[in-house]
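Student: I would like to go through this model from its cores outward to its strands. Please show it first.

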Amino acid sequence: MKKLSLLLIVAMLAMVMSACTSNSNSPGAGQTEPGTTQPDGSGDPVTLKIVYKDEGTANPVSVKFFETLEKSLAEDEGLNVKFELVDLAQGSYAENLNLLLLGGTIPDIIYFQGGDQQIADQGLLEDLTPYIEKSTYIKEIMEPHNQTRMASYPFLLWIKPLAPKAPVVRADWFNAMESSKALMENPTVDNYYAFFKELVEKKPGEDKPSYALTAAGDIAEINFIFNTAFGLDTTWLKKDDGTYEYSKVSQNEKEKLTFYNKLYKEGLLDPQFITKQWDTKEDAFYKGEAAVITGTAGKIIDLYDGRMQELGGDDASLIVLPPAKGEAQGFGATDVTKEARGLAISSQSPHKDVAFQVFDYLASPKGQMLDRLGFEDEHYKVVDGGEIELNEKYYSEWYARFWEPTEIQSETPLKTPLLGEPGTESLKMASDYYTEDNNFIIPEQFIANWDAMNNLYKEYSTDFITGKKDLSQFDQFVEAWNAAGGAEITKYANENIK
């Protein structure tokens, strides 16, 4: 009996100690769960680390936005959150982000602009499907293409209008060109060439522009203008025999690269486009070194417009140019396999639920007021009649950091439109020329080869454009591409494209 009593005592002591330990980690009387607030505003905040292109501690607007968001979450949701902005070095965002993540620093919320798939394949990104299903607002503002993309790749969320890159030019320079009318009425490749050539020869801007067109780092931005005109309207082109070939190894691609080489040789394409980053590309445009650049349709083009008028006056407002016309016309087919960019939540985060609560709040009417409209009395004011009037600072500076559904659910009605004329026109064009791509998510077994094949294409295409390699060597590139894994993935494409 004594032995049994001793065992009972030991067991009871263990239970008491366990309860004490459990209670020490749980909120008791007067305590709150981390991330929630008491009526007096107290409570332990949840710190959410966030890495986001252009949104760092050196950007005062970013700092103010996230500080304002913290206050709004506390007031409207009772959510006590502290955002910690993670700064990255200057240079390629995708490359620097990849180094950060592979180095073991994984923020709670991550903005990707490429490079996300290899991170997702390592299980480091959270599947957002169950969060969206339980959401109050997110599921209501998602567009059909968002739903299609999330169904096949549930790690990135990016609720924005369909927005390819569209070419823009200063109105005063456009109006000074004799070739402008023909370009707008019939934007063939030849008419684009004539317009570019006149811009450089006539130099309407005090011995500027130096060249007609520039881009950031490669030809992807230029392709938005010209790909479809050369019949490159899907990733996989259907041949006469019914089989598919990768568009970048097609004769259509060779013809397009021949045209780009012509632009380069004649000084119409910026000779430094390969080394330019997004900021130096924009700087070249604002300084008048380049006459035409592409910008993301919608708000980004409005930001370009505001900045250009600030530097060049009202006459320097921007005109959106149409996509080139040839075998077809458009800004290229839309990828519906996955979001090309977007926001993710780390699967390693201890605060995944809180992070998604932030996402959902930003889709609410109150969250949209902040994200879409900016700061009251700075970017807008509420005028007589209780309507919101946006000001020039809004049009020239503000953009939504998070969600931008087609229709804004604002608690206060808008007196002025969200977009200016160039932004509105660019989105209309994007909608008018919308088609879906036939590409697919590259299976994991092909990813390493796929990256090597894309690097091979970039190397060859750059050399073809700059004249380091003659385009008579295009077949050598095709052979090298097939040997690097192209033959296998082409077989896979033909077995899986419906």
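Student: Which residues have the most contacts inside the largest nonpolar core?
Tutor: This is a predicted model. Its largest nonpolar core has 64 residues. Those with the most contacts inside this core are L69, I138, L157, F359, F402 and W403.

Student: Which helix gives the most to this core?
Tutor: The protein has 20 helices and 12 strands. Seven residues of the core come from one helix, spanning residues 352–362. The helix that gives the most is helix 15.

Student: What is F402 in contact with, leaving aside its neighbours within four places in sequence?
Tutor: A contact here requires heavy atoms within 4.5 Å. On that basis the partners of F402 include I50, Y52, F65 and F66, and also W158, I159 and K160. The list is completed by L343, F359, L362 and D371.

Student: How many residues are in the second, separate core?
Tutor: Among the members of this second core are M177, L257, F273 and F446. The core is separate, and its residue count is 59.

Student: Why is strand 8 described as largely enclosed by the rest of the structure?
Tutor: Strand 8 covers residues 290–296. A residue is buried when its relative accessible area is under 20%. Strand 8 is largely enclosed because the number of its seven residues that are buried is seven.

Student: Which strand runs antiparallel to strand 8, and which runs parallel?
Tutor: Strand 4 (residues 165–170) is joined to strand 8 by five bridges, and A166 has G295 as its bridge partner. Strand 5 (residues 211–213) is joined to strand 8 by two bridges, with L213 partnered by V292. The antiparallel one is strand 4; the parallel one is strand 5.

Student: Which side chains of strand 12 are buried?
Tutor: In a regular strand the side chains alternate between the two faces of the sheet. Strand 12 (residues 387–390) shows this alternation, with E387 and E389 pointing to one face and not buried. On the other face, the buried side chains are those of I388 and L390.

Student: Which residue takes a positive phi in the hairpin of strand 11 and strand 12?
Tutor: Strand 11 (residues 380–383) and strand 12 run antiparallel and are joined by four bridges; Y380 pairs with L390. Three residues lie between the strands of the hairpin. The residue with a positive phi, near 100 degrees, is G385.

Student: What share of the residues in the protein is buried?
Tutor: The protein has 498 residues and exposes about 23800 Å². Of its residues, the buried share is 49%.

Terms used. Residues numbered from 1 in each chain as written. Predicted model: local features only at pLDDT ≥ 70, side-chain atom pairs only at ≥ 80, totals over all residues. Heavy atoms only, no water. Buried < 20%, exposed > 50% of the residue type's maximum accessible area, 1.4 Å probe, protein only. Areas by Shrake-Rupley, 256 points an atom, 1.4 Å probe, with all protein chains shown as cover. Core = buried A, V, L, I, M, F, W, Y, C linked by side-chain atoms within 4.5 Å. Pairing = 2+ DSSP bridges.
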